[in-house]
Amino acid sequence: MPDGGDGAGGDTPAARRRRKGAYLPLPEPLPVPVIDNHTHFDFQEGAVEVSIGGALDAAGAAGVRGAVQVGTDLASSRFTAAVVEQDRRLLGAVALHPNEAPLLAAAGTLDDALSEIEQLAAGPRIRALGETGLDYFRTGEDGRGSQLASFRSHIDIARRLGRALQIHDREAHDDVVATLLSDTAPDRVVLHCFSGDADLARTCNEHGWYMSFAGTVTFKNAANLREALLVADPALVLTETDAPFLTPHPYRGRPNASYAVPYTVRAMAGILDTDLDALCARLTANTEAVYGSWD
């Protein structure tokens with residue numbers, strides 16, 4: 001799966017185009033294993049298709065001992081419910097992505113889809129409802145009502161089933177916070193691929209909501225994320241890939257994978273000016289506090 005490096009051809013535009021579909025080189029393994037708490041093994045974007053077992057083997061070699069496979073619609077949530085029973089290195093989250101909700105509502109099938117999500121969420125290795133939330137970037141105002149209705153249903157299911165809640169929040173910070181407060185959020189809330197600033201991090205600190213940092217924290221234009229990480233309560237910080245998306249710098253644009261977590265974790269340690277071993281141990285403890293044991 002890893003390509004072992006950038007290969008021949010230097011860093012010319014032509015070489016960059018040839019590399020775009022190639023996976024990242026295998027990073028130096030982390031000294032203490034961590035967990036990728038948000039990935040999509042049902043999405044394949046690399047130059048070659050990789051088995052889930054192979055992907056998890058590569059992750060293990062890099063010091064990433066497990067992952068949370070995340071659903072975004074009925075098909076991927078069914079996939080998630082099945083695959084977490086096949087490999088003990090996986091736990092799962094199932095949900096309807098906020099951009100899926102308006103489509104289902106228009107077809108008159110949103111309620112039926114939510115009912116199936118609740119059934120899938122009852123599985124013993126499904127530990128979260130996610131990714132759900134609000135997305136004001138891809139869905140216009142005409143779809144916001146159905147997004148909100150779906151989000152509130154996921155909150156209700158998570159609370160009744162005792163599951164964590166994984167939130168997709170894109171350009172909707174204020175309404176996500178307001179909904180979590182008005183609807184009595186479950187005990188464990190994760191803002192997946194945290195995209196806010198230091199003020200949102202302080203809000204998360206106040207309410208005990210977890211902040212999951214992805215490869216975006218390494219991007220040159222993401223000073224807001226680095227500022228947020230610096231003020232985040234260390235007991236509420238997680239890490240993820242959102243693979244195959246959001247590949248960390250300097251490999252942005254190439255397909256991401258769970259074995260790439262060390263690039264992000266080492267960047268986080270540098271931002272925090274903290275010991276890498278201690279950060280890894282903290283990230284793993286935090287992740288298990290949200291999702292429980294992988295064993």
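Is Cys280 buried or exposed? Cys280 is buried, with a relative accessible area of 0%. The views below come from a predicted model.

**View 1. Cys280 sits away from other cysteines, in no disulfide.** A search of the whole structure turns up zero disulfides. Cys280 fits that result: the nearest cysteine sulfur belongs to Cys193 and lies 20 Å away. A disulfide needs two cysteine sulfur atoms within 2.5 Å. The relative accessible area of Cys280 is 0%, so this residue counts as buried.

**View 2. Cys193 is a buried cysteine without a bonding partner.** Which cysteine sulfur is closest to that of Cys193? It is the sulfur of Cys204, at 13 Å. That is too far for a bond. Cys193 has a relative accessible area of 14%. Buried means under 20%, so Cys193 qualifies.

**View 3. Phe41 lies in a loop and is buried.** Find strand 1 (34–39) and helix 2 (52–61); the loop between them holds Phe41. The relative accessible area of Phe41 is 11%, and therefore the residue is buried. Which residues does Phe41 touch, leaving aside neighbours within four places in sequence? Its contacts are Ile52, Ala55, Leu56, Ala67, Gln69, Phe79, Leu90 and Ser258.

**View 4. Phe41 and Asp242 are 201 residues apart along the chain.** In space, 9.7 Å separates their C-alpha atoms. Look next at the contacts of the whole chain. Take those between residues at least 6 apart in sequence: 73% of them join residues at least 24 apart.

**View 5. The protein chain combines eleven helices and eight strands.** Why call the chain as compact as a globular protein of its length? Its radius of gyration is 18 Å, close to the 19 Å that the globule rule gives for 295 residues. The C-alpha atoms fill a box of roughly 55 × 40 × 40 Å along the principal axes. Of the 295 residues, 55% count as buried.

**View 6. The surface and charges of the protein chain.** The accessible surface comes to about 12,100 Å². Carbon and sulfur atoms account for 50% of that surface. How many charges does the chain carry? There are 26 positive and 40 negative charges. The mean positions of these two sets are 5 Å apart.

Notes
Residues are numbered from 1 along each chain as its sequence is written. This is a predicted model: local features need pLDDT of at least 70, side-chain atom pairs count only at pLDDT 80 or more; totals for chains, interfaces and linings use all residues. Side-chain values use heavy atoms; hydrogens and water are left out. Buried means under 20% relative accessible area, exposed over 50%, partly exposed in between (1.4 Å probe, protein chains only). Helices (H or I, at least four residues) and strands (E, at least two) are DSSP runs, numbered from the N terminus. The radius of gyration is taken over C-alpha atoms; the globule rule is 2.2 Å times the number of residues to the power 0.38. Contact means heavy atoms within 4.5 Å. Accessible areas come from the Shrake-Rupley method with a 1.4 Å probe; for residues, only the protein chains shown count as cover. Lys and Arg count as positive and Asp and Glu as negative; His and the chain ends are not counted. The place of a charge is taken as NZ of Lys, CZ of Arg, CG of Asp or CD of Glu.
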